[in-house]
Amino acid sequence: MVSTSQEGAALLDEMYVTVLKSVVVKKQRPLAQFCSLMRQILYMLEPLPLDTLDAMCMHFPQEDNCFNVAIILNHMGSLLSGVTDRKSPIRLLHSSFHDFLTDQSQSGDYFVGELDIQAELAVASLCVLCGDLCFNICRMESFYLLNSDVPGLADRVKAKIPPHLSYSCLCWANHLQATKFDPELAGHVKNIFGNERILFWLEILSLLGVLGNDVLWCSKVVPGESISRMVRSCITQLIQEKVGYEDLEALARDGVKFIHYFSTAISASTPHLYISALPFVPENAIPYRGLMVNLPCIAKIAEGHSNEDWPAA
């Protein structure tokens, strides 16, 4: 029985090698691109369609890993599902293909190790946020309606928030948490938390329905994990008392408190992020000092606005 099982596994490995030989030329660059693509598919936190994989890999820090993924995926229909439809999630057809790719004794030249994929996905996600986040992304005409009362909001969300942006909003912190300190990554995080992009990010979390009560921000990815806990944890872990990054830790601390205190209201009505949450941020809080300069038309509290720190939780 054991011998039969081993023979079957060997035949399966031989089949995978035969198929991959017809897809990937055994030269350094094609093999490297294949491994980069499969690494992306294996280590992303949920299956994504071809167009989304393409959009993400264009932000990878290594130039050789930025390429049109369809060049490879179009020829892998015998091993992956979703390759004939650019909008369907790409999935491995069988778990044995995962085992084959991640065991070098089986896959040889086609071995797919983890390497720096978490850092690459963190950089890609943060670059997507930096480039694609914007004010009032779903073009809501009224700022005085609950999300549930906005006509056709679900269709707008689908049209205005593409999968690569949705994934980046939900998963950047998970990938960041799995990386080691890197000045480039720290800079990307500061580009989100250090200006109005943090508000635009919260807009999308509200519109996706994952912000309410600061819990279960992406249950498919990190069951029970809260937004504030995940963000604070990953940024603290990233910098780990590195000299010169105290401002980033302070940005994260105040940003997380903003999420904690106002997420319930923002989740019910996305525009309340601007019309009621931001004006009530303590004046000494970093988000208030920076954001009110960039958003001068936001309402201000005329009298009685606290200039103290955040209230105790």
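Does arginine 139 count as buried, partly exposed or exposed, and at what relative accessibility? I took this up as my opening entry. Arginine 139 counts as partly exposed, because its relative accessibility is 47% and the partly exposed class runs between 20% and 50%. I am working on a predicted model.

**Entry: the loop after helix 7**

I placed arginine 139 in the loop between helix 7 and helix 8. Its phi is near 55 degrees. That is a positive value in a residue other than glycine. I then looked up asparagine 136. Asparagine 136 is in the loop between helix 7 and helix 8 (153–160). It has a positive phi of about 50 degrees, although it is not a glycine. I checked its accessibility as well. Asparagine 136 counts as buried because its 14% relative accessibility falls under the 20% limit.

**Entry: overall counts**

I stepped back to the whole protein. I find 15 helices and two strands. The protein has 313 residues, and 48% of them count as buried. I also looked at contacts with a separation of 6 or more. Residues 24 or more positions apart account for 68% of these.

**Entry: the core**

Which residues have the most contacts inside the largest nonpolar core? They are Trp172 and Trp201, in a core of 92 residues. Helix 7 gives the largest share of this core, nine residues. I checked the domains too. The core draws at least three residues from each of domain 1 (2–110) and domain 2 (117–294).

**Entry: helix 3**

I turned to helix 3, residues 50–57. This helix is mostly covered, with six of its eight residues buried. I list the buried ones as Leu50, Thr52, Leu53, Asp54, Met56 and Cys57. What do they pack against? I noted four partners: helix 2 (28–43), helix 4 (70–73), helix 7 (117–132) and helix 9 (163–177).

**Entry: helix 3 on helix 9**

I followed one of those partners, helix 9. The axes of helix 3 and helix 9 come within 8 Å and cross at roughly 60 degrees. Helix 3 is therefore oblique to helix 9, because the angle lies outside the 65 to 115 range for roughly perpendicular and is not under 35 degrees. The crossing of helix 3 past helix 9 is right-handed. I read off the residues that meet. Helix 3 brings Thr52, Ala55 and Met56. Helix 9 brings Pro163, His164, Tyr167 and Ser168.

**Entry: helix 2 on helix 7**

At what angle do helix 2 and helix 7 pack? I have about 80 degrees, with the axes 10 Å apart. Helix 2 is therefore roughly perpendicular to helix 7, because that class covers 65 to 115 degrees. Arg39, Gln40 and Tyr43 make the contact from helix 2. Ile117, Gln118 and Leu121 make it from helix 7.

**Entry: leucine 165**

My last lookup was leucine 165, which is found in helix 9. Is leucine 165 buried or exposed? Its relative accessible area is 1%, so it counts as buried, under the 20% limit. I set aside residues up to four places away in sequence and listed what leucine 165 touches. The list is Val128, Leu129, Asp132, Leu133, Ile137 and Ile204. I looked again at isoleucine 204, which is 39 residues from leucine 165 along the chain. The C-alpha atoms of the two are separated by 9.1 Å.

Note on methods
Residues are numbered from 1 along each chain as its sequence is written. This is a predicted model: local features need pLDDT of at least 70, side-chain atom pairs count only at pLDDT 80 or more; totals for chains, interfaces and linings use all residues. Side-chain values use heavy atoms; hydrogens and water are left out. Buried means under 20% relative accessible area, exposed over 50%, partly exposed in between (1.4 Å probe, protein chains only). Contact means heavy atoms within 4.5 Å. A nonpolar core is a set of buried Ala, Val, Leu, Ile, Met, Phe, Trp, Tyr and Cys residues joined through side-chain atoms within 4.5 Å. Domain bounds come from an automatic or database domain assignment. Axes are lines fitted to C-alpha atoms, for helices over the stretch in contact, and angles run from 0 to 180 degrees between N-to-C directions. Angles under 35 degrees count as roughly parallel, over 145 as roughly antiparallel, 65 to 115 as roughly perpendicular and the rest as oblique. A crossing is left-handed if the near helix is turned anticlockwise from the far one by less than a right angle, and right-handed if clockwise.
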